[in-house]
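User: I have a two-chain model open and want to go through it piece by piece. Can we start with the strands and see where that leads?

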Amino acid sequence: MIDAFNIYDNMDRNNILLSFKGDITSELLTSILQIMENKMDNMQEEPKTKKKVYNVLVECLQNLYHHMDDATDGNGDKNRSAIFMIAKNNGSYNIITGNYILNENIHGLKTRLDEVNALSKDQLKDYYKSVLNNGEMSLKGGGGLGMIDIARKTGEKLDYNFLEIDNKVSFFTLIIKVTQPQLI
Amino acid sequence: MEKYAIEGTPKTPTISFDIQAGVLEIKGRSIPENSIEFYKPLVDALDKYSSASKPTTTVNIQLEYFNTSSSKCILDVFKKLEAIHKGGSAVTINWHYEEDDEDMLEAGEDYQAIINVPFKMVQVAE
């Protein structure tokens, strides 16, 4: 028997506004974005906050969409799915994504995340411009700009974790914090 | 082909390119998963236009949101405009941003730093 109350209670305690587990399709992203936009309207968020959260959401979700395939040759079906959650705690939004990744791809991703985390605001701006202007566009779309853009827009470090499942795959969690912009 | 127009969707912008008048407008949201596919026809239309461009070309960009995948494609569009500018049509890019949208203003300034075409930053009310 599924313990629905346990899931409910957990989500309630963590202030989860929206949560989804499953295959990430283009249509799903459209729906999630619309739901979150409506929610933020209903919560009467500042336009500035709404825009920031929306922008970061788009990048996080499209990262999942483009990269969750990376582990499909691991264990087949179960790896086609990812988890996505958005929570609001003490006025700041937390966007959490989780997906399987092949162990052999961890090193490359970790290096990129650490690179972005090591940069200051001005360095991120320069790095963004140089990747935009010189970087090759990957077939998947982003060309490596997504993480840089998220770090730039949020002004926060990218918080991540790799949990080893077996000798083939790990579970990659990314937590992005979007704080309310200071009202001047 | 005197006009090139695309209706906007929740994920893609409204594009209108009046070739007779030399006016290109891109408005709305640009957050498609596959932006190369979306922008290719516009890049092709600009290619054609470059061989018979008007003395002046005005470009109005008024985006509410755009994703990083679109940002590369928008740069490609601007690079075509830079070539058209060099080719003798006086190009101006009017980059619109909402009053308190610093991220959008900064994005415009990023392009301004890369592209050798006159940019105007135009503030609009929310």
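Analyst: Start with β4(B) and β5(B), which pair in the parallel sense over six bridges. Keep in mind that this is a predicted model.

User: What stands opposite B:V59 in β5(B)?

Analyst: That is B:I93. B:I93 also touches B:V59, along with B:I61, B:F78, B:L81, B:V117 and B:F119, leaving aside residues up to four places away in sequence.

User: Which face of β5(B) is B:I93 on, covered or uncovered?

Analyst: The covered one, together with B:V91, B:W95 and B:Y97. The uncovered face of β5(B), residues 90-98, has B:A90, B:T92, B:N94, B:H96 and B:E98.

User: What links β4(B) to β5(B)?

Analyst: Helix α2 of chain B, residues 68-86; the three elements make a right-handed β-α-β unit.

User: Where else does chain B have a unit like that?

Analyst: One is made by β3(B), helix α1 (residues 35-50) and β4(B), again right-handed. Another right-handed one consists of β5(B), helix α3 (residues 102-114) and β6(B).

User: How do the strands in those two units pair?

Analyst: In the parallel sense: β3(B) and β4(B) over eight bridges, β5(B) and β6(B) over six. For landmarks, B:V23 has B:T58 in β4(B) as its bridge partner, and B:E98 stands opposite B:V124 in β6(B).

User: And β2(B) with β3(B), parallel or antiparallel?

Analyst: Antiparallel, with five bridges between residues 14-18 and residues 23-30. B:F17 stands opposite B:L24 there. The two strands form a hairpin with four residues between them, and B:G22 in the turn has a positive phi of about 70 degrees.

User: Switching to chain A. How many helices and strands?

Analyst: Seven helices and five strands. Read from the N terminus, the order is α-β-α-α-α-β-β-α-α-α-β-β.

User: What do the five strands form?

Analyst: An open sheet with antiparallel pairing, in the order β1-β2-β3-β5-β4. β1 (16-22) and β4 (159-164) of chain A are at the edges with a single partner strand each, so one side of each has no neighbour in the sheet. Neighbouring strands are turned against each other by 15 degrees on average, ignoring direction.

User: Give me one pair from that sheet.

Analyst: β2(A), residues 82-89, and β3(A), residues 92-102, are antiparallel over eight bridges. A:A82 stands opposite A:N99 in β3(A).

User: Which helix lies across β1 and β2 of chain A?

Analyst: α2(A), running at about 175 degrees to β1(A).

User: How much of chain A is buried?

Analyst: Buried residues are 28% of its 184 residues. Of the contacts in chain A between residues at least 6 apart in sequence, 66% join residues at least 24 apart.

User: Now the interface. How many residues are in contact?

Analyst: 23 residues of chain A with 21 residues of chain B. On chain A, α2 (26-42), α3 (47-67), α6 (121-134) and α7 (145-154) each supply at least two residues of the side that touches chain B. The largest share of that side, nine residues, comes from α3(A).

User: What is the chemistry of that side?

Analyst: Eight nonpolar, nine polar and six charged residues.

User: Last one: which residues have the most contacts inside the largest nonpolar core?

Analyst: A:V56, A:L57, A:I95, B:V77, B:L81 and B:I93, in a core of 59 residues. B:I93 is the residue we met earlier opposite B:V59.

Terms used. Residues are numbered from 1 along each chain as its sequence is written. Chains are lettered from A and ligands numbered from 1 in the order in which they are written. This is a predicted model: local features need pLDDT of at least 70, side-chain atom pairs count only at pLDDT 80 or more; totals for chains, interfaces and linings use all residues. A nonpolar core is a set of buried Ala, Val, Leu, Ile, Met, Phe, Trp, Tyr and Cys residues joined through C-beta atoms within 7 Å. A residue is buried if 20 or more other C-beta atoms lie within 10 Å of its own, exposed if 12 or fewer, and partly exposed in between; C-beta atoms are placed from the backbone. Two residues are in contact if their C-beta atoms, placed from the backbone, lie within 7 Å. Ala, Val, Leu, Ile, Met, Phe, Trp, Tyr, Cys and Pro count as nonpolar, Asp, Glu, Lys and Arg as charged, and the others, Gly among them, as polar. Two strands pair if DSSP finds at least two bridges between them. A crossover is right-handed if, with the strands pointing away from the viewer, the path from the first strand over the helix to the second runs clockwise. Axes are lines fitted to C-alpha atoms, for helices over the stretch in contact, and angles run from 0 to 180 degrees between N-to-C directions.
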